[in-house]
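Student: Please take me slowly through one part of this model, the burial of individual residues and the contacts that involve them, and keep the reasoning explicit at each step.

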Amino acid sequence: MRYAVIGAGLAGLTCAYELSRADEGAVVEVFEAADRIGGKLFTVPFECGPVDMGAEAFVGRGEHPVDFFKELGLADRLVFPSSLRSLLYTGGAAVELPRGTMMGIPASGEGVREIVGAEAAARIDAEAAADPIPWEVGAEVNVGALVRGRYGDEVADRCVSALLGGVYSCGADDLGLRATVPALAEAMDALARRGEPVRLSAAVREALDNRSGGTLDKPMFATFEGGYAELYEALAERAERARIYVDAFVAGVRRQGAGFALKGAGEGVYDRVILATPAPTTALLLGEVAPSAAVALREVRLASSAVVGMRFDSAEGLPENSGVLVASDEPGLRAKAFTLSSRKWPHLGRRGGAVVRASFGRLGQDELVRAEEDDLVDYALDDLRAVTGFDGRAAGPGEIFVQRWFGGLPCYGDGHLDTVARVRAALAEEPGVEATGAWAGGVGVPAVIEDARAAAGRVQQEQR
């Protein structure tokens, strides 16, 4: 059986590994248009050691990702963050990120009063007696519209968009609740099923009660001591029956007899094809073989972002916190977040000095992401001083690396899950072709891996 996998990011490499492992007769060829594997995972070799300039952690709350990493022989490479808290910069000051929220959505005004003000905090508390939300089980709503309608603009802009922007590169008004905070949508479902009034504060409280956090034995977040390169290189090495080609641009996929031929790369006919590419690229490649799926995928919007990684010889003056999120309504600042990496990750802190990552860009801010490299560095240093007091210029950055992610993340809007369902249904009518990626399974390394493994499993089942 000949398989073509288009894309050598995390999803494509996971597919190649799964196909190679499960089918002894498999011939797997992976085609990557860029000059490197890893996709949106990118570990840069700073002088002090490897530092991730893409994703830098995964949520390890469940067993599945950790079990998969053990399977790859990476269990002893996992490291965990410090217990330092993050800050939120709003109103010209840095305050502790509020506890007891679902992605910044509180159950009461008490924990966010300092951030949103007394009037907004009172409105949050009054929501518990407001008219219920007319909720249908399984419904999807816009996060921003929900929070603004129940709690007000201050919560949406200063709390929710700050947290969601760091994860999804989108503000609250661009995202769907079930697509991005599914536990909260499920809590609203539970209230409706029990015949209880559905209110936002009650749903947040229920979701928090159901949430399992990290423990000393099983912390919530983790990463790899040598960066995510350890993961994507291990996948490439363990996919023993796969041949991986970089600088190999695939311009299209067409049916040829009972199989598929690729335009621009590859030779001969492939029995199965898996597309592990961003939504617009996948839509283009599916145009001939699965036109209905292609039409649906064109609805997915992409958000761009940029990361400025900086290493300083001294950490003196940096706050004892893991990072700083910036409220979306904060004037005069361009950065949306800072990761104080050497504070957050003890293995980086032991190298000495300080590593800081500045993040830029939300949906619709492509002009900022396209700024000149020197300008982005200046923005990073200026905003870092404004939000933390740390003068990076005086400290003298020893190394700087700028990484831009154009179209790096799909926007999980309130119609996104429906779009994915339509793509899945359309592909089910087209035997031999599958698609996966961050647009399909959700943001985050575990979600991408899980969806890619499922896609690989589906194309193998078709031959049985």
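Tutor: A residue is called buried when its relative accessible area is under 20%, exposed when that area is over 50%, and partly exposed in between. Please keep in mind throughout that this is a predicted model.

With those cut-offs, Ser169 counts as buried, because its relative accessibility is 4%. Ser169 belongs to the loop that runs between H6 and helix H7 (177-180), and its backbone deserves a look as well, since phi of Ser169 is near 55 degrees, a positive value in a residue that is not glycine. Asp247 can be set beside it: Asp247 also has a positive phi, of about 55 degrees, although it is not a glycine. Asp247 sits in the loop between strand S12 (242-245) and strand S13 (252-256), and with a relative accessible area of 57% it is exposed.

Helix H6, which spans residues 153-168, includes Asp153. Asp153 counts as partly exposed, because its relative accessibility is 42%. Along the chain Asp153 and Asp329 are 176 residues apart, yet their C-alpha atoms are separated by 9.8 Å. A pair of this kind is also found for Ala229, whose C-alpha atom is 9.5 Å from that of Val51, with their positions 178 residues apart along the chain. Ala229 is placed in helix H10 (residues 229-238), and at 11% relative accessibility it counts as buried.

The question of cover can also be put to a whole helix, and H1 serves for this. Helix H1 takes in residues 10-22, and because its 13 residues should span 18 Å at 1.5 Å a residue, the 18 Å between its end C-alpha atoms agrees with expectation. H1 is mostly covered, with 11 of its 13 residues buried. The buried residues of H1 include Leu10, Leu13, Tyr17 and Leu19, and among them are also the polar or charged positions Thr14, Glu18 and Ser20.

Arg21, in helix H1, leads from burial to charge pairing. The side chains of Arg21 and Glu71 form a salt bridge, at 3.6 Å from N to O. This pair links distant parts of the chain, with Arg21 in helix H1 and Glu71 in helix H2 (residues 64-71), 50 residues apart. Arg21 counts as partly exposed, because its relative accessibility is 46%, and Glu71, with a relative accessible area of 31%, is partly exposed. The contact belongs to a network of salt bridges in which Glu18, Arg21, Glu71 and Arg453 are linked. Glu18 thus brings a buried residue of H1 into that network.

The structure holds 31 salt bridges, and two further pairs are worth following in detail. In one of them Glu29 pairs with Arg2, the closest N and O atoms being 3.3 Å apart. Glu29 lies in strand S2 (residues 27-31) and Arg2 in strand S1 (residues 2-6), so the salt bridge ties together parts that are 27 residues apart in sequence. Glu29 is buried, because its relative accessible area is 6%, whereas Arg2, at 22%, is partly exposed.

The other pair consists of Glu127 and Arg150, whose side chains meet in a salt bridge at 2.8 Å from N to O. Since Glu127 is in the loop between helix H4 (118-126) and helix H5 (143-150), and Arg150 is in helix H5, the pair ties together parts that are 23 residues apart in sequence. Glu127 counts as buried, because its relative accessibility is 1%, and Arg150 is buried with a relative accessible area of 15%.

Finally, there are charges that gather at the surface. Glu372, Glu373, Asp374 and Asp375 come together there in a patch of negative charge. Residues enter such a patch only if they have over 30% relative accessible area and no salt bridge. Glu372 is placed in the loop between helix H15 (366-369) and helix H16 (373-388), and it counts as exposed because its relative accessibility is 57%. Taken with the earlier pairs, Glu372 at 57% is exposed, whereas Glu127 at 1% is buried and has its side chain in a salt bridge with that of Arg150.

Note on methods: Residues numbered from 1 in each chain as written. Predicted model: local features only at pLDDT ≥ 70, side-chain atom pairs only at ≥ 80, totals over all residues. Heavy atoms only, no water. Patch = residues over 30% accessible without salt bridge, like charges linked within 9 Å, V, L, I, M, F, W, Y side chains within 5 Å. Areas by Shrake-Rupley, 256 points an atom, 1.4 Å probe, with all protein chains shown as cover. Salt bridge = Lys/Arg side-chain N within 4 Å of Asp/Glu carboxyl O. Lys, Arg positive; Asp, Glu negative; His and termini not counted. Charge placed at Lys NZ, Arg CZ, Asp CG, Glu CD. Helix = DSSP H or I, 4+ residues; strand = E, 2+ residues; numbered from the N terminus. Buried < 20%, exposed > 50% of the residue type's maximum accessible area, 1.4 Å probe, protein only. Expected span 1.5 Å × (residues − 1).
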